[in-house]
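Here is a guided walk through one protein chain. Keep the model open beside the text and follow along.

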Amino acid sequence: MHRFYVPPERLGDSIWLEPEDGHHAARVLRLRRGDRIAVFSGDGKERIVELTEVGTCTTGGRVVGEWEPGSEPRSRVTLAQAIGKGDKLEWVIQKGTELGVSAFIPLVTVRVVVELREEKARRKHERWQRIAREAAAQSGRTSVPAVGEAMRLADYLRSLPTDALALLAYEGESALSLREALVDLGDQPVHLIIGPEGGFAPEEVSQAAAAGVRIVTLGRRILRTETAGLAAAALVFHAAGDLG
């Protein structure tokens, strides 16, 4: 059954898809009246909709059932990922959403080489959020991770919740492995902070440590930026019993 996201304000006894999704349902998926689709909106429920109208402008129908699939992880993981070159962040958002990441924060650090001017930043943010929405639909999730606006590392560190376990992955020497940092995780929210292609500058690591962030190592091998965040997120979910 094909799945679609609809904003909460569109929920009701009948549900109508967003125009772009309606066009996709009609022209690409070739759905017809009487077909059923699954709809989610971020409240933990999935609704079954029987289509009564399918067209390029209007597609939707009546709700014939709902259930709670329980596909959302118990762990709340925010991935603060430095903006990489090309489509690396898009890949991280897509695969991170599949893993169960709750939110993404695009980070601007000293060694980030991508420059986002205002208009480009707006378009990028819209695309990143759309990728998260599509990945949530594909992976059976019932909520869509929020993709925040790009932030400088210093601003992000000041915004960290006081109850979060914040971990920064660093390729330098560290006495603390990620596994050790997650031993007593419990239900504490986790913020993972991942650097760009060139890694974090030493002064950024010191700044993070001063803000209460724990500096951790992901092992003896140097991971690419798009690999490090996903590997760290998977390890957090495994430690919390949400994966494997």
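**Starting from β1 and β3**

Let's begin where strand β1 (residues 3-5) lies alongside β3: the two run parallel and are joined by 3 bridges. Helices (H or I, at least four residues) and strands (E, at least two) are DSSP runs, numbered from the N terminus, and two strands pair if DSSP finds at least two bridges between them. Before going further, note that this is a predicted model, where local features need pLDDT of at least 70, side-chain atom pairs count only at pLDDT 80 or more, and totals for chains, interfaces and linings use all residues. Residues are numbered from 1 along each chain as its sequence is written, and side-chain values use heavy atoms, with hydrogens and water left out.

Within that first pairing, look for Tyr-5, whose bridge partner in β3 is Phe-40. Strand β3 (residues 36-40) is mostly covered, with 4 of its 5 residues buried; buried means under 20% relative accessible area, exposed over 50%, and partly exposed in between (1.4 Å probe, protein chains only).

Now cross to the next strand. β3 and strand β4 (residues 46-53) run antiparallel, with 5 bridges between them, and one pair to look for is Ala-38 with its bridge partner Ile-48 in β4. These two strands make a hairpin with 5 residues in between, and Gly-42 in the turn has a positive phi of about 100°. Carry on from β4 and you reach strand β5 (residues 60-67), antiparallel again and joined to β4 by 7 bridges. Here Glu-46 stands opposite Trp-67 in β5.

Put those strands together and you have an open sheet of 5 strands in the order β1-β3-β4-β5-β2, with mixed pairing. β1 and β2 (14-16) stand at the edges with a single partner strand each, so one side of each has no neighbour in the sheet. On average, neighbouring strands of this sheet are turned by 45° against each other, direction ignored; the axes are lines fitted to C-alpha atoms, for helices over the stretch in contact, and angles run from 0 to 180 degrees between N-to-C directions.

Next comes helix α3 (residues 118-139). At 1.5 Å a residue, its 22 residues should span 32 Å, and its end C-alpha atoms are 32 Å apart, which agrees; the expected span is 1.5 Å times one less than the number of residues. Its buried residues are His-125, Trp-128, Ile-131, Ala-132, Ala-135, Ala-136 and Ala-137. They pack against β1, β3, α2 (88-99), β7 (103-108) and β8 (146-147), where contact means heavy atoms within 4.5 Å.

Just after α3, Gly-140 takes a positive phi of about 85°. A little further along, in the loop between α3 and β8, sits Thr-142, which counts as buried because its relative accessibility is 2%. Leaving aside neighbours within four places in sequence, Thr-142 has contacts that include Arg-3, Phe-40 and Gly-42, so follow it back to the hairpin turn, where you already met Gly-42.

Finally, zoom out. The chain has 7 helices and 12 strands, and 44% of its 244 residues count as buried. Residues 24 or more positions apart account for 72% of the contacts with a separation of 6 or more. The C-alpha atoms fill a box of roughly 60 × 40 × 30 Å, taken along the principal axes.
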